[in-house]
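The exercises below go through one structure in steps. Each has a task sentence followed by a worked solution.

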There are 2 protein chains.
Amino acid sequence: MDNDVLRQAPLFSSLDDEAATALGNSMAETTLRRGDVLFHEGDSGDKLYIVTEGKVKLGRSSSDGRENLLAIMGPGQMFGELSLFDPGPRSATVTAVTDATFGSLSHDDLLKWLDGRPMVARGLLSQLAGRLRKSNDVVADLVFSDVPGRVAKALLDLADRFGRTADDGVHVHHDLTQEELAQLVGASRETVNKALADFASRGWLRLEPRSVVIMDLERLSRRAR
Amino acid sequence: MDNDVLRQAPLFSSLDDEAATALGNSMAETTLRRGDVLFHEGDSGDKLYIVTEGKVKLGRSSSDGRENLLAIMGPGQMFGELSLFDPGPRSATVTAVTDATFGSLSHDDLLKWLDGRPMVARGLLSQLAGRLRKSNDVVADLVFSDVPGRVAKALLDLADRFGRTADDGVHVHHDLTQEELAQLVGASRETVNKALADFASRGWLRLEPRSVVIMDLERLSRRAR
DNA sequence: TGGCCGTTGTGAGCCAGACCACGGCTAGGA
DNA sequence: TCCTAGCCGTGGTCTGGCTCACAACGGCCA
């Protein structure tokens with residue numbers, strides 16, 4: 001297991017060395033190739049996963065086949081915990097956006113950790129609370145912002161988590177097609193493309209396949225609010 | 001304190017008598033009149049509340065003054081816990097929709113309960129997980145469903161929680177104006193009104209001030225999906 | 001090296017739903 | 001008893017964004 005990344009994961013950052021090592025040992029490792037599905041919406045399952053490398057998308061699809069992405073998760077982030085604490089089938093499909101590896105923990109194993117160590121419980125609670133807050137923000141954006149605004153916001157979020165600052169701007173290799181970006185902001189691919197083209201024509205960013213270079217963070221942020 | 005309602009609250013349903021009584025004693029009671037605000041979005045505060053009587057709305061407002069309701073909370077439901085585990089200002093404004101009373105618990109008091117009793121931690125986790133699942137559902141609805149569909153879904157949810165079955169249908173005294181209902185589903189009052197009028201003209205329900213009587217649950221449910 | 005499939009760019013038309021403008025109804029207060 | 005302030009009901013107009021349609025551009029495999 002890649003203990004370094006696990007140690008940095010928000011959930012375990014408060015553990016001491018000995019506890020972290022023990023935890024690392026009780027986790028199993030999984031690997032996926034780009035496009036592989038880890039589990040489907042509706043599956044049963046009670047494992048929690050932490051990304052150690054790569055990116056995944058959490059998505060759900062409507063009865064008529066349209067898709068919607070709830071989140072993109074990168075190294076250090078946790079998912080699959082809903083089915084643990086609120087028993088029921090998986091509420092989203094998880095697909096690898098790049099080749100990716102995860103550590104996983106089963107329900108029973110996690111409970112052992114929970115009962116003894118209040119700090120783990122608090123870590124989980126704050127993790128869930130953060131997710132809930134974010135989800136509420138997404139709701140507000142869907143209600144209040146137009147598509148270009150939501151695209152700008154999504155780019156800023158991706159930049160924040162996956163961006164590398166260079167002298168010509170912030171390089172964001174988000175690894176998403178415009179179709180996926182559209183599903184993430186809840187809009188059509190065409191509209192997202194037009195918003196991106198508009199931002200590019202204003203000189204706020206440069207478009208590259210599955211990535212963007214943000215050249216004017218300031219203006220982009222202003223458009224996002 | 002109204003211990004009966006607290007005992008029924010999902011959060012504490014797993015506690016034994018002695019623990020529940022002790023907990024009840026460590027909670028303070030608050031009362032509000034219809035329209036009163038408990039706290040505003042952006043306020044600081046670290047109290048968690050549980051509704052013992054009445055209803056409140058959790059809302060947020062955009063920079064240009066428009067409003068959006070995240071949820072309606074009734075007896076037994078908990079709110080305000082986000083600021084506890086994910087420190088930061090309150091993320092929503094809480095307003096009483098009817099006269100209402102609450103039990104409240106401060107951060108410090110809650111932590112005492114948490115560390116000793118794994119069951120309380122699990123209760124909180126499952127509570128939060130349920131909320132997150134619901135919030136994700138709302139996102140999906142905003143992306144996939146049209147306004148009438150979202151209105152139908154909201155009515156069914158309210159019926160489920162506040163409805164009383166009588167021989168002429170399910171009476172739902174939701175205590176919301178159509179304006180508030182509109183904010184809850186993320187639409188304009190006019191559109192919501194037209195959707196309701198349409199449902200009524202089909203004989204699926206009867207409209208009354210701040211309440212509806214659902215006469216054909218079957219059809220309404222079908223319209224909601 | 002040519003064909004093909006996944007992805008990106010862009011224009012045209014259409015429609016759900018926001019916004020605007022009323023008019024009527026009811027409840028509570030002077 | 002009247003007057004005012006919220007609500008509720010319903011039309012008309014306008015537009016953001018979805019759908020459809022099609023072209024251009026790689027990469028990748030045969």
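**Exercise 1**

Which helices each supply at least two residues of the surface near DNA strand D?

Solution. The model is predicted. Chain A supplies residues from α6 (147-162) and α8 (189-201), and chain B from α8 (189-201). The largest share, five residues, comes from α8(B). Next, take the residues themselves: 15 lie around DNA strand D, and A:V147, A:S188, A:T191, B:Q178 and B:N193 come nearest. On the DNA side, sugar and phosphate make up 56% of the strand D atoms that come within 4 Å of the protein. Sorted by class, this surface has four nonpolar, six polar and five charged residues.

**Exercise 2**

State which parts of DNA strand D lie opposite the side chains of B:Q178, B:N193 and B:R189.

Solution. Start with the phosphates. A polar side-chain atom of B:Q178 is 2.6 Å from a phosphate oxygen of DNA strand D. For B:N193, a polar side-chain atom is 2.9 Å from a phosphate oxygen of this strand. Then turn to the bases: an N or O atom in the side chain of B:R189 lies 3.1 Å from a base oxygen of DNA strand D.

**Exercise 3**

Describe the protein surface near DNA strand C and give three of the atom pairs that link protein and strand.

Solution. First, find the elements. Helix α8 of chain A, with α6 (147-162) and α8 of chain B, each give at least two residues to this surface. The largest share is that of α8(A), with five residues. Second, list the residues: of the 16 around DNA strand C, those that come nearest are A:Q178, A:N193, B:S188, B:E190 and B:T191. They divide, over the whole surface, into five nonpolar, five polar and six charged. Third, look at the strand: 58% of its atoms within 4 Å of the protein belong to sugar or phosphate, and the rest to bases. Fourth, take the pairs. A polar side-chain atom of A:Q178 is 2.7 Å from a phosphate oxygen of DNA strand C. A polar backbone atom of B:V147 is 3.1 Å from a phosphate oxygen. At a base nitrogen, a polar side-chain atom of A:K194 lies 3.4 Å away.

**Exercise 4**

How many residues does each chain bring to the contact between chain A and chain B, and which element of chain A gives the largest share?

Solution. Each chain is counted in turn: 39 residues come from chain A and 39 residues from chain B. The two chains bury about 3800 Å² between them, with 66% of it on carbon and sulfur atoms. In chain A, the residues that lose the most area to chain B are A:L125, A:R133 and A:F144, together 20% of what that side buries. Polar links come next. There are four salt bridges between the chains, and the side chains of A:D137 and B:R60 meet in a salt bridge at 2.8 Å, N to O. The interface also has 11 residue pairs in polar contact. On the chain A side, the elements that give two or more residues are β4 (56-61), β5 (67-73), α3 (82-85), α4 (107-116) and α5 (118-144). The largest share, 21 residues, comes from α5(A). By class, the chain A side has 19 nonpolar, 11 polar and nine charged residues.

**Exercise 5**

Is A:T95 buried or exposed?

Solution. Locate the residue: A:T95 lies in strand β7 (residues 93-96) of chain A. Its relative accessible area is 13%, so A:T95 is buried, the cut-off being under 20%. Leaving out residues up to four places away in sequence, A:T95 touches A:G35, A:D36, A:V37, A:V56 and A:K57.

How values were computed
Residues are numbered from 1 along each chain as its sequence is written. Chains are lettered from A and ligands numbered from 1 in the order in which they are written. This is a predicted model: local features need pLDDT of at least 70, side-chain atom pairs count only at pLDDT 80 or more; totals for chains, interfaces and linings use all residues. Side-chain values use heavy atoms; hydrogens and water are left out. Contact means heavy atoms within 4.5 Å. Buried area is the accessible area (1.4 Å probe) that two parts lose on being put together, summed over both. A polar contact is a pair of N or O atoms within 3.5 Å; within protein, one must be able to donate a hydrogen and the other to accept it, and residues adjacent in sequence count only if both atoms are side-chain atoms. Helices (H or I, at least four residues) and strands (E, at least two) are DSSP runs, numbered from the N terminus. Ala, Val, Leu, Ile, Met, Phe, Trp, Tyr, Cys and Pro count as nonpolar, Asp, Glu, Lys and Arg as charged, and the others, Gly among them, as polar. A residue is near a molecule or strand if one of its heavy atoms lies within 4 Å of it. Buried means under 20% relative accessible area, exposed over 50%, partly exposed in between (1.4 Å probe, protein chains only).
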